[in-house]
Amino acid sequence: MQALIRRSVVSLVDVDTTEGSVIESYNSWIKSLASTYGIDGLRIDTVKHVQKSFWPPFQSAAGVYCVGEVFSGDVGYVCPYQEQLDGVLNYPLYYPMIRAFQDSNGNITDLVSVLRSVNTTCRDPTLLGTFSENHDNPRFPSLTGDMNLAMNIIAFTILADGIPIIYQGQEQHFSGGNDPENREALWTSAYSTKAPLYTLIASVNQIRNQEIYKSPAYLTSRASVAYSDDHNIAIRKGQILTVFTNSGSNPPSDNLTLSDTGFAPHEQMVEILTCSNSTINANGNLDVSLNSGRPQVRQYISSK
């Protein structure tokens, strides 16, 4: 007992998950748990440390959506786990997201490449868990204090393909580094609902929910890259066109011309974070100013 008390890390109890009685016990337990408490989804830890054949019967017994943690950035290693579970945490996308948005020297070209790789390799990218912070990795603001960059990566998390996951405290711009510093007590923020990232998340999530309400197909539609360069990326998903940048708090004064949006000439859009209107020009292009350095979320509203 003294040895356990003096250690900061205690080994987890191990069980033989290849043993039939163990499998039966786990399946019976998760079926009862999900049914008794009305659970509608499970996040399963350390999936890669259990044999793959264990997971399909476990998920079937649970009877709900299951997303597993496969802690690896390798697309070819992670995606096959979607044959065992509904979804996995999108670690292959997490790493290029961090590299792309953590400073103005980040390369968005790499992010685009991984987006396309995940889209073609994983069985269904719309069922993956998309995240930019969690309890196992340093919080994003520990890498940069730039609020504009935090806004861009959060908006990307919510509006890209997949099921968005926001880690508690992310909305308060908590900046803890490695575990356990990234597990700050939420009450120190006084649960502010006026914090910049809280209001951003509320607004972006609202527009996502509205799009789903209007067209449930939004959930299963695949996002497409309408434009990209080393520092900017525009994505269309459903009737939403988003522009993200890693220019941060010192954005350039120039504009982008988006020519592959999929919208027709003269169609009108509203940028929901600033409530400003724009129109696709006669050539089918959309001119976008980058001078705010913040994400831009445009929604189709009508034909002119």
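## A tour of the cysteines and a surface patch

Begin by selecting cysteine 79 and cysteine 122 and following the bond between them: the torsion about their S-S bond is about -75°, so the disulfide is left-handed. This is a predicted model, and the sulfur atoms of cysteine 79 and cysteine 122 lie 1.9 Å apart in it. With the backbone displayed, the pair can be seen to link distant parts of the chain, 43 residues apart: cysteine 79 sits in the loop between helix 4 (75-78) and strand 3 (87-88), while cysteine 122 sits in the loop between helix 6 (108-121) and strand 4 (129-131). If you then turn on a surface, bear in mind that cysteine 79 and cysteine 122 are both buried. The structure holds one disulfide.

Next, select cysteine 66, whose closest cysteine sulfur is that of cysteine 122, at 17 Å; because a disulfide requires sulfur atoms within 2.5 Å, this separation is too far for a bond. Cysteine 66 has a relative accessible area of 0% and is therefore buried.

Is cysteine 275, the next stop, buried or exposed? Its relative accessible area is 67%, so cysteine 275 counts as exposed.

Finally, keep the surface on and select Val13, Val15, Tyr26 and Trp29, which together form a nonpolar patch with about 410 Å² of accessible area. Within this selection, pick out valine 15, which is placed in the loop between helix 1 (2-6) and helix 2 (20-37); its relative accessibility is 38%, so valine 15 is classed as partly exposed.

How values were computed
Residues are numbered from 1 along each chain as its sequence is written. This is a predicted model: local features need pLDDT of at least 70, side-chain atom pairs count only at pLDDT 80 or more; totals for chains, interfaces and linings use all residues. Side-chain values use heavy atoms; hydrogens and water are left out. Helices (H or I, at least four residues) and strands (E, at least two) are DSSP runs, numbered from the N terminus. Buried means under 20% relative accessible area, exposed over 50%, partly exposed in between (1.4 Å probe, protein chains only). Patches are made of residues with over 30% relative accessible area and no salt bridge: like charges are joined within 9 Å, nonpolar side chains (Val, Leu, Ile, Met, Phe, Trp, Tyr) within 5 Å. Accessible areas come from the Shrake-Rupley method with a 1.4 Å probe; for residues, only the protein chains shown count as cover. A salt bridge is a side-chain nitrogen of Lys or Arg within 4 Å of a carboxyl oxygen of Asp or Glu.
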